[in-house]
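Trainee: Hi! Could we go through this model together?
Mentor: Happy to; here it is.
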2 protein chains.
Amino acid sequence: MARWEPNAAQRLQQAAMALFVERGYAEATVAEIADQAGLTKRSFFNHFPDKREVLFVGAILFEASVMEQLAAAGDDLDPLDAAVGALTRSGVELAQYSEFAQARRELIASSAELQERELIKMASLAAAISEALGRRGVSARTATLTAQVAITVFTTAYSDWVDDPAADLDTLTQRALADLRQAVAATAALTTARGIS
Amino acid sequence: MARWEPNAAQRLQQAAMALFVERGYAEATVAEIADQAGLTKRSFFNHFPDKREVLFVGAILFEASVMEQLAAAGDDLDPLDAAVGALTRSGVELAQYSEFAQARRELIASSAELQERELIKMASLAAAISEALGRRGVSARTATLTAQVAITVFTTAYSDWVDDPAADLDTLTQRALADLRQAVAATAALTTARGIS
């Protein structure tokens, strides 16, 4: 019978992040992480398939939350607002647990392997949002475009929030949306001036 | 002394695409590709580091072209217009050579490995565009946001063009930009109605 290990996943995650920051992601081993958490390697592998997943377990919870939020979004919301709203609310939920957001961002930036993993997770999230918008009756083309733009808006706001954790994520999302609106409005003025559109 | 092999890269690419479509990407070997092109395996590896790169050699040329276009863009252009314009002009240039665009898209969709490679190439392109916008005096945050949005607009238009190769890529880009503008305008109306912005 397995021993009862209170908060094992959380303890392993904290130990891993501390070791990654202290010694570098590549250098910290699973044995050391388990040891630092007062647990065994076997216990580590009960909670994470590999060392890398310690950094991405939040992304899985995040995608699940975004899907829930999108399924519950009112029918009257336009697609971009529904997607950005779902991302923001899920981000706020996740933010409570993400004491390591800044360290995580730096670790990912330091490793090509981790950057690839992050890209794949974001592409999976974009595909899931696009499918959910499809279920709301949005065409595949608009759903893909909207999902990508919503993720761009959200990642901009999330990055602003990592820089300034005291700020409100919803406010930062509205600011990123306003910045996008301004960027797009500038091109509108230009194409009109050219007589293209 | 190496034999003179006219259009070797192009012949290898055509042979590879034909074999990938006929037998599947995973099944076609480099030896078969070289054989079909009337060349040797050694000749293949003189032109491509591996089988996968046959599908991505265009992406390297594309990024180089986008960088050239951005460096030459007028100072008066706003960032999004400069980025979308550079992508579109480079896309038109590349389109002349891309007789395999549709087959390529299907092959990439069929393989997780190829999808990852495509994600990495797009992230590299986004980072390069963002840096080029930085050299135009755009802040890092706006440059990242703008580069992502420009790529979303362009990939939407490019996908439309693969569906309908007779259409004009510049017109499709303008349509994708107009769709983005409409999506963003809808959220603007909503946030104003809510009194958020």
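Mentor: We can talk about symmetry, the cores and one helix.
Mentor: This is a predicted model, where local features need pLDDT of at least 70, side-chain atom pairs count only at pLDDT 80 or more, and totals for chains, interfaces and linings use all residues. Residues are numbered from 1 along each chain as its sequence is written, chains are lettered from A and ligands numbered from 1 in the order in which they are written, and side-chain values use heavy atoms, without hydrogens and water.
Trainee: What turn lays chain A on chain B?
Mentor: A turn of 180 degrees with a shift of 0.0 Å along the axis, giving an RMSD of 0.0 Å (least squares on C-alpha atoms of residues with pLDDT of at least 70 in both copies). That is how a two-fold axis relates copies.
Trainee: New topic: how many residues has the largest nonpolar core?
Mentor: 71, with A:Val66, A:Leu87 and B:Ile129 among those with the most contacts inside. Such a core joins buried Ala, Val, Leu, Ile, Met, Phe, Trp, Tyr and Cys residues through side-chain atoms within 4.5 Å; buried is under 20% relative accessible area, exposed over 50%, partly exposed in between (1.4 Å probe, protein chains only).
Trainee: And which residues of helix 6 of chain A are buried?
Mentor: A:Ala101, A:Ala103, A:Leu107 and A:Ile108. They fall within an arc of 160 degrees seen down the axis, so they line one face (directions from the helix axis to the C-beta atoms).
Trainee: What's on the face turned away?
Mentor: Exposed A:Glu106 and A:Ala109.

Methods
Helix = DSSP H or I, 4+ residues; strand = E, 2+ residues; numbered from the N terminus.
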